[in-house]
Amino acid sequence: MVRRIFLQAVLTGAAYATLAGAGLLKPQTVLARWPSDVFHAQTLDAALYALTGGAVVTASDGVVLKMAEQAQDGRTVPLEVISRLPDTRSIALLSEQNPFPALSRFELTAAVAPALSTRIKVGGSGRIIALVEAGGRYYSTTHRIEVSTGGC
Amino acid sequence: MSNGPSKHRLRAVADDGAADVRVLIQHPMETGTRRHPETGELIPRHYIRELHAEVNGTEVLRAYWSWGMAFNPYLAFRIRRAQVGDTVRVYWIDNLGVADAVEGSVG
């Protein structure tokens, strides 16, 4: 009897794995994961806390943020973020002077290099932060930008 | 490689066994705080919430965005191992539930 229950449990688990593998469980999982608390945080500290769960964030030269030091138009500011840290799992971008500082969180698989280029809105002169999750820890780098016309 | 009549663009260029992907999406990415220049009414917040990139049907990257990403979003990334002809597909869903996608081949 005990053995039978065990087998049933294994089969149920296998069926679930098959469904997940076929992508049938994907939409629900995906939609549930947009981190509302992160993106609705109204201060940089609150956004960082929501992203990390309060874990320690270490400043690191292993995270490189390439972007201009001045921008005329804060509505579209290009940047490149590169992580040289092994086992980089995610990269988040934040802008201190935006009304809602958290801008994006990218989750990477090993199939892509830990380097991204994109464009953000910058609300005013201040710090731009790239937060990297690597090997179960958080690392960041900060870039100061002067913006003539805020983009928020 | 452009993507035919789609208003969005995806290019995937082979480079030494890898591929550099560049995606340009047409989307207003409205913050919800802008006012219409004539009526003065607030323009509702309208932004891409999540974006996924797949290579030959396997997800390689996923992103969650706020309205703080620039309008007509641009994203470039590098697939570590890719062959000419591999299919790269990027799809996204905005906060109004509208989904769209752009696809191309590594060339």
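The lining of the second largest pocket divides into 6 nonpolar, 4 polar and 2 charged residues. This is a predicted model, and the pocket in question holds about 160 Å³ of space. Its lining is made up of A:Leu44, A:Asp45, A:Leu48, A:Tyr49, A:Thr52, A:Gly54, A:Ala55, A:Val57, A:Arg127, A:Ile129, A:Ser140 and A:Thr142. Three elements of chain A give two or more residues each to this lining: α4 (44-52), β8 and β9. The most comes from α4(A), with 5 residues.

The largest pocket makes a good companion to look at next. About 180 Å³ of space lies in it, and residues of chain A and chain B line it. From chain A come A:Arg75, A:Lys121, A:Gly150, A:Gly151 and A:Cys152, and from chain B come B:Pro28, B:Met29, B:Glu30, B:Thr31, B:Arg34 and B:Phe71. By class, this lining has 4 nonpolar, 3 polar and 4 charged residues.

Let us turn to the strands of chain A, with β9(A) as our guide. Strand β9 covers residues 137-149 and pairs with strand β1 (residues 57-59) in the parallel sense. The table gathers three pairings of β9(A), each with one pair of facing residues.

| Partner of β9(A) | Sense and bridges | Facing residues |
|---|---|---|
| β1(A), residues 57-59 | parallel, 3 bridges | A:Thr58 and A:Tyr139 |
| β3(A), residues 70-73 | parallel, 3 bridges | A:Gln70 and A:Glu146 |
| β8(A), residues 126-134 | antiparallel, 9 bridges | A:Leu131 and A:Ser140 |

Strands β8(A) and β9(A) form a hairpin with 2 residues between the strands. In this hairpin A:Gly135 takes a positive phi near 55°. A:Ser140, the bridge partner of A:Leu131, also appears in the lining of the second largest pocket.

Now for the aromatic rings. A pair of them is described by the distance of the centres and the angle of the planes. The structure holds 5 aromatic pairs over all chains. One of them joins A:Phe100 and B:Trp67, with 5.2 Å centre to centre and 80° between the planes, in an edge-to-face arrangement. This pair crosses between chains: A:Phe100 lies in the loop between β5 (88-95) and β6 (102-108) of chain A, while B:Trp67 lies in the loop between β4 (58-65) and β5 (74-79) of chain B.

Are these two rings buried or exposed? A:Phe100 is buried, with a relative accessible area of 17%, and B:Trp67 is buried too, at 4% relative accessibility.

B:Trp67 has another ring partner in B:Tyr47. Their centres are 5.1 Å apart and their planes meet at 75°, so this pair is edge-to-face. The two residues belong to distant parts of the chain, 20 residues apart, with B:Tyr47 in the loop between β2 (18-24) and β3 (48-55) of chain B. B:Tyr47 is buried as well, because its relative accessibility is 5%, under the 20% cut-off.

Which residues form the aromatic cluster? A:Trp34, A:Phe39, A:Phe100, B:Tyr47 and B:Trp67 form one cluster. Charges join the picture here too. The charged end of B:Arg45 sits over the ring of B:Trp67, 3.7 Å from its centre. Across the chains, the charged end of B:Arg49 sits over the ring of A:Trp34, 4.2 Å from the ring centre.

Methods. Residues are numbered from 1 along each chain as its sequence is written. Chains are lettered from A and ligands numbered from 1 in the order in which they are written. This is a predicted model: local features need pLDDT of at least 70, side-chain atom pairs count only at pLDDT 80 or more; totals for chains, interfaces and linings use all residues. Side-chain values use heavy atoms; hydrogens and water are left out. Rings of Phe, Tyr and Trp (its six-membered ring) pair if their centres lie within 6.5 Å; planes under 30 degrees apart count as stacked, over 60 as edge-to-face and the rest as tilted. Helices (H or I, at least four residues) and strands (E, at least two) are DSSP runs, numbered from the N terminus. Buried means under 20% relative accessible area, exposed over 50%, partly exposed in between (1.4 Å probe, protein chains only). A charge sits over a ring if NZ of Lys or CZ of Arg is within 6 Å of the ring centre and within 35 degrees of the ring normal. Two strands pair if DSSP finds at least two bridges between them. On a 1 Å grid over the protein atoms alone, a cavity is a set of points where a 1.4 Å probe fits but cannot get out, and a pocket is an open set with protein on both sides within 12 Å along at least five of seven lines; lining residues have an atom within 4 Å of a point. Grid points are joined across faces, edges and corners, and a volume is the space filled by probe spheres set on the points. Ala, Val, Leu, Ile, Met, Phe, Trp, Tyr, Cys and Pro count as nonpolar, Asp, Glu, Lys and Arg as charged, and the others, Gly among them, as polar.
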